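Colleague: I have the model open and would like to go through the side chains. Can we start with the packing of the helices?

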Amino acid sequence: MTLSDSIKVCLDKYATIQGRAPRSEYWWFVFFNWLVFIIVAVVLGLIGAAINGYEGAIITISVGYPLVCLALVIPNICVVVRRLHDTGHSGFWYFITLVPFIGGLWFLYLMIKDSDDENEYGLPVY
């Protein structure tokens with residue numbers, strides 16, 4: 001799966017938690033999110049700086065950046081749940097991230113884990 005395929009699938013399945021998401025879909029979408037966040041921060045900072053200097057940059061980033069985060073939070077949660085389904089785990093395993101340090105490591109392991117077998121969430125998607 002390519003970057004553009006991943007973006008298309010994740011945004012088409014905006015609020016869909018059924019099914020599975022392969023590693024490539026998840027990691028390409030994570031990469032897309034980072035790109036969007038960096039580009040938005042730079043553009044908003046430049047616009048704010050052009051309008052009102054340093055204070056304007058801080059204000060535009062403080063207002064615009066959370067809006068972008070809100071727009072992408074649902075597809076992010078849904079692709080994580082579908083990725084957990086691909087590894088044979090329930091979406092409730094997402095809450096493992098609330099456990100300090102060990103939860104983050106276990107979550108990373110689950111996101112890297114590969115699963116080529118059919119499980120209760122369906123056949124693998126490639």
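Modeller: The buried residues of H3 pack against H2, with contact meaning heavy atoms within 4.5 Å. This is a predicted model, where local features need pLDDT of at least 70, side-chain atom pairs count only at pLDDT 80 or more, and totals for chains, interfaces and linings use all residues. Residues are numbered from 1 along each chain as its sequence is written, and side-chain values use heavy atoms, with hydrogens and water left out.

Colleague: Which residues of H3 are buried?

Modeller: Gly 103, Phe 107, Leu 110 and Met 111. Buried is under 20% relative accessible area, exposed is over 50%, and partly exposed is in between, with a 1.4 Å probe and protein chains only. Seen down the axis of H3, these buried residues fall within an arc of 100°, so they line one face of the helix. The arc is taken over the directions from the helix axis to the C-beta atoms.

Colleague: And how are the helices assigned?

Modeller: They are DSSP runs of H or I with at least four residues, strands being E runs of at least two, numbered from the N terminus.

Colleague: What about Ile 112, buried or exposed?

Modeller: Neither: Ile 112, in helix H3, has 45% relative accessibility and so counts as partly exposed. Leaving aside neighbours within four places in sequence, Ile 112 is in contact with Arg 23, Trp 27 and Arg 83. Leu 44 is 68 residues from Ile 112 in sequence, and their C-alpha atoms are 33 Å apart.

Colleague: Changing topic, how many salt bridges are there?

Modeller: The count is four, where a salt bridge is a side-chain nitrogen of Lys or Arg within 4 Å of a carboxyl oxygen of Asp or Glu. One of them joins Arg 20 and Asp 86, at 2.8 Å from N to O. That pair links distant parts of the chain, 66 residues apart: Arg 20 is in the loop between H1 and helix H2 (23-86), and Asp 86 is in helix H2.

Colleague: What else does Asp 86 pair with?

Modeller: Arg 83, with the closest N and O atoms 2.5 Å apart. Asp 86 and Arg 83 are three residues apart in helix H2, which means a separation of about one helical turn. Arg 20, Arg 83 and Asp 86 are thus linked in a network of salt bridges. Arg 20 and Asp 86 are both buried, and Arg 83 is buried as well.

Colleague: And which residue does Arg 82 bridge to?

Modeller: Glu 25, with the closest N and O atoms 3.0 Å apart. Both Arg 82 and Glu 25 are buried.

Colleague: Next, rings. How many aromatic pairs?

Modeller: Eight. Rings of Phe, Tyr and Trp (its six-membered ring) pair if their centres lie within 6.5 Å; planes under 30 degrees apart are stacked, over 60 edge-to-face, and the rest tilted. Trp 28 and Phe 31 have ring centres 5.9 Å apart and planes at 75°, so this pair is edge-to-face. Both lie in helix H2, three residues apart, about one turn of the helix. Trp 28 is partly exposed at 33% relative accessibility, and Phe 31 is partly exposed at 39%.

Colleague: Which residues form an aromatic cluster?

Modeller: Trp 93, Trp 106 and Tyr 109 form one.

Colleague: Last one: what is the mean pLDDT?

Modeller: For the chain, 89, with 99% of residues at 70 or more; pLDDT is the predictor's confidence in each residue, from 0 to 100. Among the elements, helix H1 (residues 3-12) has the lowest mean, 90, and helix H3 (residues 102-112) the highest, 92.
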